[in-house]
Amino acid sequence: MISLGLEGTAHTFGCGIVNEKGEILSNEKSSYIAPLGKGIIPTDAAEHHSKVKEEILRRSLEKADITMRDIDVIAYSAGPGLAPCLLVTANFAEKISTDYNKPLVPVHHGVGHIEIGRLTTGAKDPIIVYLSGGHTAIIGYTEGYYKIFGETENITLGNVVDMLAREIGLSSPGGPYIEKLALKGNFVELPYTVKGCDLSFSGTLTAAINKLKRGIPKEDICYSVQETCFSMVVEVTERALAHTGKNEVLLVGGVAANKRLQNMFDVMVGERGGKLYVVPHEYSGDQGAMISWVGLLSYKSGWSSNLKDKINPRWRIDEIKINWF
Ligand code: AMP
Ligand code: MG
């Protein structure tokens with residue numbers, strides 16, 4: 001069985017092809033770049049996806065060395081995400097599913113990040129730390145669902161680094177720039193807000209921006225934002241590990257690429273005698289292989305979505321029955 005998956009929830013349009021053994025045959029993508037100093041403009045990102053979709057599909061099939069006839073199931077990212085982007089992706093998936101008479105499976109973007117992480121790292125039953133542009137959540141599998149143990153109460157960690165980068169005058173996505181600047185910084189105190197297992201980053205970001213405006217070097221701000229926010233995420237994850245008795249941690253999503261974050265997790269998980277898994281860089285950001293893989297798992301396990309519409313910009317991960325775990 002071969003699955004073709006289309007990702008297009010936000011900045012990236014991707015097409016990945018995966019077989020039943022979990023071999024990734026291709027994973028082509030193209031990303032919309034937000035204008036300097038600005039965030040994603042949803043309609044512009046959707047226009048980007050619309051322009052590149054045929055070419056990305058063609059390249060993905062070519063790389064996998066197959067044709068549409070060899071595909072058994074078509075999956076697409078149905079949410080959560082930016083509505084204009086989701087619609088371009090869903091309509092395109094629907095069109096090729098009709099044209100080639102293939103079953104169509106809507107996939108939750110977050111489940112995609114988790115399952116590609118489990119597939120590519122070999123983590124079995126981890127606490128998942130899902131840190132992307134749209135999500136900051138500490139998740140674990142319990143009784144048929146990916147349960148959220150803790151999440152952000154306001155902005156995501158991805159938002160923090162991107163908004164800070166914008167304030168400094170760097171383009172989005174800002175994470176890699178912040179990480180680089182942080183290497184030369186010293187610590188300044190910033191608000192640290194953990195409530196139970198939930199996190200609040202907005203006060204930290206506001207304080208950081210105020211300090212920046214008052215002339216504290218940007219390197220110090222970047223370093224301190226990283227140290228403060230990452231410590232908050234590590235603290236909550238440790239609590240989730242203690243609560244569930246799980247001993248694996250899996251970092252997924254774009255922010256997982258951050259080496260300082262990985263290092264802090266390595267120390268915490270190591271001290272507990274557990275094991276840390278980090279999704280490989282090529283699969284940490286948005287791409288189609290993760291959608292393709294979940295599409296295949298869903299299809300094989302007879303899963304059907306609870307979606308009323310073809311997209312759901314606010315689809316929650318804990319609404320989805322995980323039949324294949
Ligand atoms: P995703 O939505 O999963 O594609 O992740 C995108 C987010 O990851 C953006 O907010 C990026 O700024 C962030 N990101 C990417 N690389 C890094 C990094 N090295 N450190 C921190 N954040 C990063
Ligand atoms: Mg993502």
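The exercises below, each with a worked solution, concern a predicted model.

Residues are numbered from 1 along each chain as its sequence is written, and chains are lettered from A and ligands numbered from 1 in the order in which they are written. In this predicted model local features need pLDDT of at least 70, side-chain atom pairs count only at pLDDT 80 or more, and totals for chains, interfaces and linings use all residues, while side-chain values use heavy atoms, with hydrogens and water left out.

**Exercise 1. The magnesium ion**

Identify the protein donors of the magnesium ion (ligand 2) and describe where the two histidines lie.

Solution.
Step 1. Donors are N, O and S atoms within 2.8 Å of the metal (3.2 Å for Na, K and Ca); water is not among the atoms, so sites may look incomplete.
Step 2. The protein donors of the magnesium ion are His109 (NE2), His113 (NE2) and Asp286 (OD), at 2.1 to 2.3 Å from the ion.
Step 3. Written as a sequence pattern, the spacing of these donor residues is H-x3-H-x172-D.
Step 4. His109 and His113 both belong to helix α3 (residues 109-121); because they are four residues apart there, about one helical turn separates them. Helices (H or I, at least four residues) and strands (E, at least two) are DSSP runs, numbered from the N terminus.
Step 5. His109 is buried, at 4% relative accessibility, and His113 is buried, at 0%. Buried means under 20% relative accessible area, exposed over 50%, and partly exposed in between (1.4 Å probe, protein chains only).

**Exercise 2. The surroundings of ligand 1**

State how many residues surround ligand 1, and list the polar distances given by Gly158, Gly174 and Asp286.

Solution.
Step 1. A residue counts as near a molecule or strand if one of its heavy atoms lies within 4 Å of it.
Step 2. Ligand 1 is surrounded by 19 residues, the closest being Gly133, Asp162, Gly175, Glu179 and Gly254.
Step 3. From the backbone, an N or O atom of Gly158 is 3.3 Å from an oxygen atom of ligand 1, and an N or O atom of Gly174 is 3.5 Å from an oxygen atom of ligand 1.
Step 4. From a side chain, an N or O atom of Asp286 is 3.5 Å from an oxygen atom of ligand 1. Asp286 is also one of the donors of the magnesium ion.

**Exercise 3. The largest cavity**

Describe the largest cavity by its volume and its lining.

Solution.
Step 1. Rolling a probe the size of a water molecule over the atoms shows where empty space is left. On a 1 Å grid over the protein atoms alone, a cavity is a set of points where a 1.4 Å probe fits but cannot get out, and lining residues have an atom within 4 Å of a point. Grid points are joined across faces, edges and corners, and a volume is the space filled by probe spheres set on the points.
Step 2. The count is one cavity of 30 Å³ or more, and the largest cavity holds about 30 Å³.
Step 3. Its lining consists of Pro106, Val107, His108, Val111, Val294, Ser298, Trp303, Ile320 and Trp324.
Step 4. At least two lining residues come from each of β5 (104-108) and α9 (288-300); β5 gives the most, with three.
Step 5. By class, the lining has seven nonpolar residues, two polar and no charged. Ala, Val, Leu, Ile, Met, Phe, Trp, Tyr, Cys and Pro count as nonpolar, Asp, Glu, Lys and Arg as charged, and the others, Gly among them, as polar.

**Exercise 4. A side-chain contact**

Place Glu227 in the fold and find the partner of its side chain.

Solution.
Step 1. Glu227 is in helix α7 (residues 218-244) and is buried, at a relative accessible area of 10%.
Step 2. Its side chain makes a polar contact of 2.7 Å with the side chain of Arg260. A polar contact is a pair of N or O atoms within 3.5 Å; within protein, one must be able to donate a hydrogen and the other to accept it, and residues adjacent in sequence count only if both atoms are side-chain atoms.

**Exercise 5. Backbone exceptions**

Locate a cis peptide bond and the positive phi values of Asn101 and Glu143.

Solution.
Step 1. Most residues other than glycine have a negative phi, and most peptide bonds are trans.
Step 2. The bond from Gly79 to Pro80 is cis, with omega near -5°; Pro80 is in the loop between β4 (73-79) and α2 (83-99).
Step 3. Asn101 has a positive phi of about 55°. It sits in the loop between α2 and β5 and is exposed, at 69% relative accessibility.
Step 4. Glu143 has a positive phi near 45°. It sits in the loop between β7 (136-142) and β8 (145-151) and is exposed, at 76%.

Conventions: 1 Å grid on protein atoms, 1.4 Å probe; cavity = no way out; pocket = protein on both sides within 12 Å on 5 of 7 lines; lining within 4 Å.
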